[in-house]
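Thanks for coming. I will go through one structure today, element by element, and I will put a few questions to you on the way.

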Amino acid sequence: MTQDDLYYDPYDVEIDVDPYPTYRRLRDEEPLYYNERLDFWGLSRFADVGAALKDQKRLSSAKGDILEVIKADPVMPPGVFINEDPPLHTVHRVLVSRAFTPKKMKALEDKIRAFCIACLEPLDGADRFDFVADLGDELPMRAIGMLVGIPDAEQPTVRDHAQRGLRNERGKPLTVTKDKYFDGDFYADYVAWREKNPSDDLITELLNVEFEDVSGTTRRLTKEEILIFLAVIAGAGVETTGNLFGWLGKVLAEHPDQRRQIVSDRSLIPNAIEELLRYEPPGPHVARYVTEDVEYHGQTVPAGSALLLMLSSANRDERQFTDPGRFDIHRSISQHVTFGIGAHFCLGAALARMEGRIALDEVLNRFPEWDLDMANARRKPTTTVRGWDSMPAIVG
């Protein structure tokens, strides 16, 4: 293969099966890459991606953080805080962060563990277990439901809605309509119910909080803002975190010696989850809109461009990590970019890590050994996250 053959796009199904060889060539040969057919630029090295994530002046989130959204340039309703720039982003992020305080996370931990055990108990004595269907589709849904204030019986509906919103036809971009993006109307009934039945949850807090907006006015959130907040949190918390579980089953099956070390020493679990997040990030990339000309590696990315930040590539950069293609639960990880860096660092990072730790611990309590049934594993047909709809394991 010659340098002229180097090609990358996030929708290519063959590349997506194992994108890491392509990522390595990009880092070595074209660290600033331009795809002429799809008209986007891409950064693949750790240092470049990290700097870009912090460059809010020239690289904006206000037109979206998904490539297809930036290209479609839809109407962005108020409250999509992941698609805002400071100072508006700062105001909205502070409001939503109320749900993710250390105190709230600690209060959730026992409940999440209890639900994880409840998911696994019916499988005692079974000879098969699906890391996605039996756990990945269930645990993040329940965690977000408890945090936000969605009734238990309605949580599967919320999960299904969040998953549908990020699905695209295999090999093709996500369809984004220009007239509307992030519709929060789906959550209207839950907000109306919480108005009459307040509780210790995010919906209740958002209904009652007073804050100073960017104009200096002290006010409460509008219903539209609350609905959009919920749509963003549910989409990110359910779909992204859910993909962690499929990779957990697959990667640890492929590294049985390390899995056995964790079985014997559960103190290894937190770093094992951190290494898994580095090694196979559920969200492979984010995008930014270029507001003014910016230069990388002697080339200019013009204002008005879409720039793809390849998180999965950055996490495997030899310039940052020793032998990055090796999964190592003992690796010392000072930083990875799976949750982003800077102002847009993922609010739910602590929750996702907690869910991963609890799930791994409880799975190992029941299934210390497993083999994969890859013939029946199914990839997820979406480019915004990278993972599995099914990761069956043989445990008997």
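In the hairpin of β1 and β2, which residue takes a positive phi? The answer is D39, with phi near 55°. Four residues lie between the two strands of that hairpin. Before going on, please keep in mind that this is a predicted model.

Let us stay with that hairpin. Strand β1 covers residues 32-35, and four bridges join β1 to β2 in the antiparallel sense. Across the pair, Y34 stands opposite W41 of β2. Strand β2 itself is residues 40-43. Its side chains alternate: F40 and G42 point one way, W41 and L43 point the other way, and all of them are buried.

Strand β2 has another partner, β10, at residues 306-310. Here the two strands run parallel, and three bridges join them. W41 comes up again, with L307 as its bridge partner in β10.

From β10 we can step to β7, residues 285-290. How many bridges join β7 to β10? There are five, and the strands run antiparallel. One pairing to find on the screen is Y289 with A306 in β10. Y289 is also the bridge partner of S60, which brings in strand β3. That strand is residues 59-60, and two bridges join β3 to β7, again antiparallel. As for burial, β7 is mostly covered, with five of its six residues buried.

Next, the other sheet I want to show. Three strands form an open sheet with antiparallel pairing, in the order β4-β14-β11. Which are the edge strands? They are β4, at 128-130, and β11, at 371-372, and each of these pairs on one side only. Between β11 and β14, which is residues 392-394, there are two bridges. In one of the pairings, L372 has A393 in β14 as its bridge partner.

Now the helices. Helix α2 is residues 20-29, and its buried residues are Y20, T22, Y23, R25, L26 and R27. What do these buried residues pack against? The list is α1, β1, α14, β10 and α15. Two of those names, β1 and β10, are strands that pair with β2.

The second helix example is a crossing. Helix α5, residues 88-96, and helix α12, residues 223-254, have axes that come within 12 Å and cross at roughly 75°. Angles of 65 to 115 degrees count as roughly perpendicular, and α5 and α12 are therefore roughly perpendicular to each other. On the α5 side the contact is made by H92, L95 and V96, and on the α12 side by E225, F229 and I233. Sorted by type, the residues of this contact are four nonpolar, one polar and one charged.

Just ahead of that helix in the chain there is a peptide bond to look at. P87 lies in the loop between α4 and α5. The bond from P86 to P87 is cis, with omega near 5°. For background, most peptide bonds are trans, and most residues other than glycine have a negative phi.

That second point leads to two more residues like D39. H297, in the loop between β8 and β9, has a positive phi near 50°. Is H297 buried or partly exposed? At 41% relative accessibility, H297 counts as partly exposed. D323 sits in the loop between α15 and α16, with phi near 45°. D323 is partly exposed too, at 43% relative accessible area.

On to the cysteines. How many disulfides are there? The count is zero. C116 is in no disulfide, and the nearest cysteine sulfur, that of C119, is 6.4 Å away. A disulfide needs the two sulfur atoms within 2.5 Å, so this pair does not qualify. Both cysteines are buried: C116 has a relative accessible area of 0%, and C119 has 14%.

The last item is a pair that the sequence alone would not show you. R260 lies in helix α13, residues 256-264, and is partly exposed at 39%. R260 and E369 are 109 residues apart in sequence, with their C-alpha atoms 8.0 Å apart in space.

That is the end of my list.

Key. Residues are numbered from 1 along each chain as its sequence is written. This is a predicted model: local features need pLDDT of at least 70, side-chain atom pairs count only at pLDDT 80 or more; totals for chains, interfaces and linings use all residues. Side-chain values use heavy atoms; hydrogens and water are left out. Two strands pair if DSSP finds at least two bridges between them. Buried means under 20% relative accessible area, exposed over 50%, partly exposed in between (1.4 Å probe, protein chains only). Axes are lines fitted to C-alpha atoms, for helices over the stretch in contact, and angles run from 0 to 180 degrees between N-to-C directions. Angles under 35 degrees count as roughly parallel, over 145 as roughly antiparallel, 65 to 115 as roughly perpendicular and the rest as oblique. Contact means heavy atoms within 4.5 Å. Ala, Val, Leu, Ile, Met, Phe, Trp, Tyr, Cys and Pro count as nonpolar, Asp, Glu, Lys and Arg as charged, and the others, Gly among them, as polar.
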